[in-house]
Amino acid sequence: MVTDTRLDALRLAVGGEVIDPSHASFDEARSTFNATIDRRPAVVVRPEGTQDVAAAVRWARDTGLPIAVRGGGHNVAGHATADGALVIDLRRQRRVVVDPAARRARVGGGALWEDVDGATTAHGLAMPGGTFVDTGVGGLALGGGLGYLMGTGGLTCDTLVRAEVVTADGGIVIAGENGDPDLLWALRGGGGNFGVVTEFEFALQPVGPLYAGELSVPMDAAGRALEAIASLAREAPPELVIFATGPAVLEPEAGPEVGAEGGAAKPPVFNIAIVFQGSPEDARAAIQPLRSLPIVADTFAVMSYPEVQAMNGQLPFGLRHYWKGHFLRDMEGPAIDAIVRAMTTAPETNSFILIEAITGAARREPAGGAAFGQREARWNVSAIAIWEDPADDARQIGWARDSADAWRSASLTGAGYANYAPVDESPDRVRAAYGPERFARLAAIKRRYDPDNVFRFNLNIPPA
Ligand SMILES: Cc1cc2nc3c(=O)[nH]c(=O)nc-3n(C[C@H](O)[C@H](O)[C@H](O)COP(=O)(O)OP(=O)(O)OC[C@H]3O[C@@H](n4cnc5c(N)ncnc54)[C@H](O)[C@@H]3O)c2cc1C
């Protein structure tokens with residue numbers, strides 16, 4: 001327990017909010033997106049600015065506490081909180097400043113995607129970001145970033161050009177332009193290992209109307225649909241991004257009426273979400289190969305980028321989660337069979353399989369390189385277990401683990417997506433995600449910036 005004297009010193013040193021265990025909102029402050037994570041940090045601080053973050057880091061070191069960093073709080077492995085740690089919660093740092101002429105956005109370390117999208121689209125610009133607007137920019141960008149603009153814009157981390165970072169000694173360094181290019185490389189996929197990013201600077205791209213929506217097919221056609229999207233992705237133009245989910249529930253207004261009361265109990269479907277950056281004519285031509293599938297609902301329409309970003313809605317905090325998957329070299333015969341089996345055995349709660357195509361610019365290393373090491377994969381396939389009742393933990397976690405194991409033979413590296421990692425992700429899978437060369441370079445950069453592994457509540461890269 002931290003003494004009152006030390007807590008007073010924290011309050012004096014750091015502008016912002018200090019929430020210790022006696023505070024009425026401590027339980028809210030220590031909770032994160034995934035309700036299976038139940039940890040008690042020593043104290044939570046919500047600093048105002050960069051200097052306050054630096055003061056908080058120095059205070060933690062003087063007090064002998066480890067540090068956990070919280071952006072949007074969505075990490076399923078619960079890295080944003082830790083027992084006995086100082087949590088640096090960046091929620092007061094959500095400022096986004098857009099320079100439309102330079103096509104750049106400076107983004108506070110605790111911003112959410114809704115902050116970024118709102119500020120950038122006001123100028124007809126956007127960047128490839130997450131597909132749920134209430135998730136954090138910080139965790140998502142540092143771990144890669146799969147989103148609806150990645151075919152033309154690359155992964156989110158590829159668009160990071162500069163970052164302001166508070167390092168383990170409480171110093172402030174710049175990564176990228178006019179700073180350390182090695183640190184920028186490490187931040188592009190190396191996660192929260194290197195310090196607290198208080199400001200990101202991203203490159204933006206123009207974004208006009210998009211052609212987007214979902215095609216739904218009955219679950220018994222899911223195998224055919226997977227073959228069709230696998231073939232489409234191999235030839236896809238960069239403007240086309242494909243995500244699929246199953247089993248999924250049809251929206252009440254979509255698809256044929258089923259059941260005596262009409263529409264109350266629609267059977268689950270396999271959903272193919274497509275976003276195309278171009279004219280409706282080009283979009284229709286690009287997705288024509290999918291038209292031979294037995295489509296039961298089709299929501300395609302011309303949409304603005306904010307409308308596309310709203311397609312997924314929001315998932316509330318407080319549900320239980322365990323996610324596990326693999327980046328696949330390609331999606332073919334045995335992997336497709338395994339994915340279909342996993343979808344048909346998904347627990348009848350909200351659990352499903354998420355299938356994301358890696359296409360276009362996301363498959364190309366950006367200028368200056370990136371630590372992210374799995375872009376040669378064509379697909380990221382993950383079992384997403386979501387439930388409410390703790391009594392269901394073993395069944396849900398077992399399903400997600402067994403499902404991911406079932407398509408392991410098609411895995412590019414033996415690893416999944418860092419940003420979807422489960423709470424018990426193994427050090428072997430963390431290493432495999434980067435491969436030996438990238439991992440060694442990351443470990444060397446870690447030694448330079450965090451030799452004592454102060455930032456260790458993450459997919460950890462121990463200092464070389
Ligand atoms: C509902 C939902 C939808 C999602 N959709 C997508 C998606 O479309 N695309 C995608 O790629 N991923 C997606 N993800 C995964 C997402 O990328 C990760 O959950 C990510 O960790 C969320 O970032 P966060 O800042 O909210 O997380 P947090 O839990 O706050 O942070 C996770 C970790 O990231 C690091 N971190 C965060 N911010 C900073 C910072 N400023 N400086 C240093 N380290 C920091 C820290 O190590 C921290 O512990 C989704 C997750 C959820 C739950």
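The following paragraphs describe the domain arrangement, the nonpolar core and the pairing of one buried strand in a predicted model.

The protein chain is divided into three parts, with domain 1 spanning residues 4-89, domain 2 spanning 96-206 and domain 3 spanning 210-427. Between the centres of domain 1 and domain 3, taken over C-alpha atoms, there is a separation of 35 Å. Contact between these two domains involves eight residues of domain 1 and eleven residues of domain 3. On the side of domain 1 that touches domain 3, five of the residues are nonpolar and three are polar, while no charged residue is found there.

In soluble globular proteins, nonpolar side chains tend to be buried together. In the present model, the largest nonpolar core comprises 152 residues, and the residues with the most contacts inside this core are Leu86, Ile229, Ile242 and Ile339. The element that gives the most to the core is helix H8 (residues 222-235), from which eight residues are drawn. When neighbours within four places in sequence are left aside, the contacts of Leu86 are with Pro41, Ala42, Val43, Val45, Ala56, Ala60, Leu65 and Ile67.

Strand E10 (residues 196-203) is largely enclosed by the rest of the structure, because six of its eight residues are buried. Strand E10 pairs in the antiparallel sense with strand E6 (residues 104-108) over five bridges, and within this pairing Arg104 has Ala203 of E10 as its bridge partner. An antiparallel pairing also joins E10 to strand E8 (residues 160-166), in this case over six bridges, with Val166 standing opposite Val196 of E10.

Terms used. Residues numbered from 1 in each chain as written. Predicted model: local features only at pLDDT ≥ 70, side-chain atom pairs only at ≥ 80, totals over all residues. Core = buried A, V, L, I, M, F, W, Y, C linked by C-beta atoms within 7 Å. Buried ≥ 20, exposed ≤ 12 C-beta atoms within 10 Å, placed from the backbone. Helix = DSSP H or I, 4+ residues; strand = E, 2+ residues; numbered from the N terminus. Contact = placed C-beta atoms within 7 Å. Pairing = 2+ DSSP bridges. Domains from an automatic or database assignment. Nonpolar A, V, L, I, M, F, W, Y, C, P; charged D, E, K, R; others polar.
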